[in-house]
Amino acid sequence: MKHLKSIEEFKAVNEQLFGNFGKTLSDKVAALFGGNDPSKTGASGASGASGASNVAGASGTSPVTGEITNISASGDKGKNIQLLMDAMKRNGITNPYTQKAILGTIGKESGFIPKDEKGYGNTSNSRIRKIFGKRVTVSDSELSSLKNNDSKFFDMVYGKRYGNDSPGDGYKYRGRGFNQITFKGSYKKYNDLLNKENKLGRTVDLINNPDQLNDVQVAAEAAILFFKTKSQSDTMQRKYGTKDINSFKDQDTALRAIVNINAGLGNDIEGKYVSHLANATRAANQFTITSTGVSNMA
């Protein structure tokens with residue numbers, strides 16, 4: 001084994017070898033040094049985002065090793081999880097914490113079956129107002145009628161924003177796929193990326209045929225491109241100390257970041273979206289990472 005270069009690496013090895021006892025020992029040792037790690041890459045929080053702290057993750061190399069091996073779901077769900085794993089590997093997402101976080105978020109969003117965003121006819125008005133906030137511009141009596149007309153309802157909450165500029169666009173470009181990609185602007189963005197990368201070996205047309213986003217292969221590739229591109233933002237750097245989706249050193253930070261990406265990095269997952277994090281965590285817990293360690297181990 002090579003010499004360990006940081007407290008974070010020391011903690012990872014102790015937890016790998018000695019479990020909870022190792023974690024307790026590591027925390028005590030870290031406390032002796034004030035919890036500071038001079039070689040920290042900034043991957044586990046905005047507080048480490050200054051200067052060159054993100055160097056370790058800049059190349060896209062994961063600072064931890066490990067592999068998700070227990071894809072226990074059967075049938076279509078099991079096949080789709082494998083498609084998502086394959087798409088992550090094609091796109092260079094090798095960090096097992098990131099992989100598990102993405103699977104947890106997608107499990108929460110769609111149960112690993114790509115689908116249309118369902119209508120809100122059976123949803124209470126108060127719940128609709130909580131979900132969509134100021135986008136709901138009508139009275140309760142009007143909303144009670146409007147929510148039973150999917151086309152009109154989605155035009156109200158999604159219309160005239162992010163590329164939805166024509167009547168019917170709100171419904172046409174409602175949430176679809178593994179992680180509910182929404183809005184014409186997003187459909188165009190991932191349509192162009194899918195065709196530019198051409199990792200599917202075929203052309204897609206999500207603008208004229210938005211239902212293609214529920215094709216499992218298209219959905220898998222689009223979802224992974226979504227997380228990969230959204231992670232490369234200044235808001236991600238400010239909130240999580242990194243723009244490199246491979247740079248996470250712990251599961252909690254990875255889950256928070258990936259759930260936040262899916263909810264919108266401008267949103268607070270400790271507030272309105274706290275249930276999203278809880279649900280994604282439960283979905284992620286069905287997966288186990290084996291042989292977790294630091295990447296400089298021999």
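T105 counts as buried, at 0% relative accessibility; buried means under 20% relative accessible area, exposed over 50%, and partly exposed in between, with a 1.4 Å probe and protein chains only. T105 sits in helix α4. The model is predicted: local features need pLDDT of at least 70, side-chain atom pairs count only at pLDDT 80 or more, and totals for chains, interfaces and linings use all residues. Residues are numbered from 1 along each chain as its sequence is written, and side-chain values use heavy atoms, with hydrogens and water left out.

**Overall fold**

- The protein has 13 helices and two strands. Both are DSSP runs numbered from the N terminus: helices are H or I with at least four residues, strands are E with at least two.
- The protein has 298 residues, and 46% of them count as buried.
- Contacts (heavy atoms within 4.5 Å) with a separation of 6 or more come 63% from residues 24 or more positions apart.
- About 14,500 Å² of the protein is exposed, with 50% supplied by carbon and sulfur atoms. Accessible areas come from the Shrake-Rupley method with a 1.4 Å probe; for residues, only the protein chains shown count as cover.

**Buried residues in α3 and α4**

- Setting aside residues up to four places away in sequence, T105 touches F227, I258, V259, N262 and A280.
- T98 also lies in helix α4. T98 is buried, with a relative accessible area of 0%.
- Beyond its neighbours within four places in sequence, T98 contacts I93, I245, N246, F248, A254 and I258.
- The C-alpha atoms of T98 and T253 are 9.3 Å apart, with the two positions 155 residues apart in sequence numbering.
- A87 belongs to helix α3, residues 75-90. A87 is buried at a relative accessible area of 0%.
- A87 touches A220, E221 and I224, not counting residues up to four places away in sequence.
- A87 and I224 are 137 residues apart along the chain, yet their C-alpha atoms are separated by 6.6 Å.

**Helix α5**

- Which residues of α5 are buried? In this helix, residues 125-132, they are N125, I128 and F132.
- These buried residues lie on the same side of α5, because they cover an arc of only 60° around the axis. The arc is that of the directions from the helix axis to the C-beta atoms.
- An α-helix has 3.6 residues a turn, so residues three or four places apart point the same way.
- S126 and K130 are exposed on the other side of α5.
- The buried residues of α5 pack against α6 (140-146) and α7 (150-158).
- G133 follows α5 and has a positive phi, near 55°.

**Largest pocket**

- The largest pocket has a volume of about 1,600 Å³. On a 1 Å grid over the protein atoms alone, a pocket is an open set of points with protein on both sides within 12 Å along at least five of seven lines, for a 1.4 Å probe. Grid points are joined across faces, edges and corners, and the volume is the space filled by probe spheres set on the points.
- The lining holds 41 residues; Y158, N262, A263, Y273 and H276 lie nearest the pocket centre. Lining residues have an atom within 4 Å of a point.
- Elements giving two or more residues to this lining are α4 (96-110), α5, α9 (184-197), α10 (216-230), α12 (251-263) and α13 (274-284).
- The lining divides into 15 nonpolar, 14 polar and twelve charged residues. Ala, Val, Leu, Ile, Met, Phe, Trp, Tyr, Cys and Pro count as nonpolar, Asp, Glu, Lys and Arg as charged, and the others, Gly among them, as polar.
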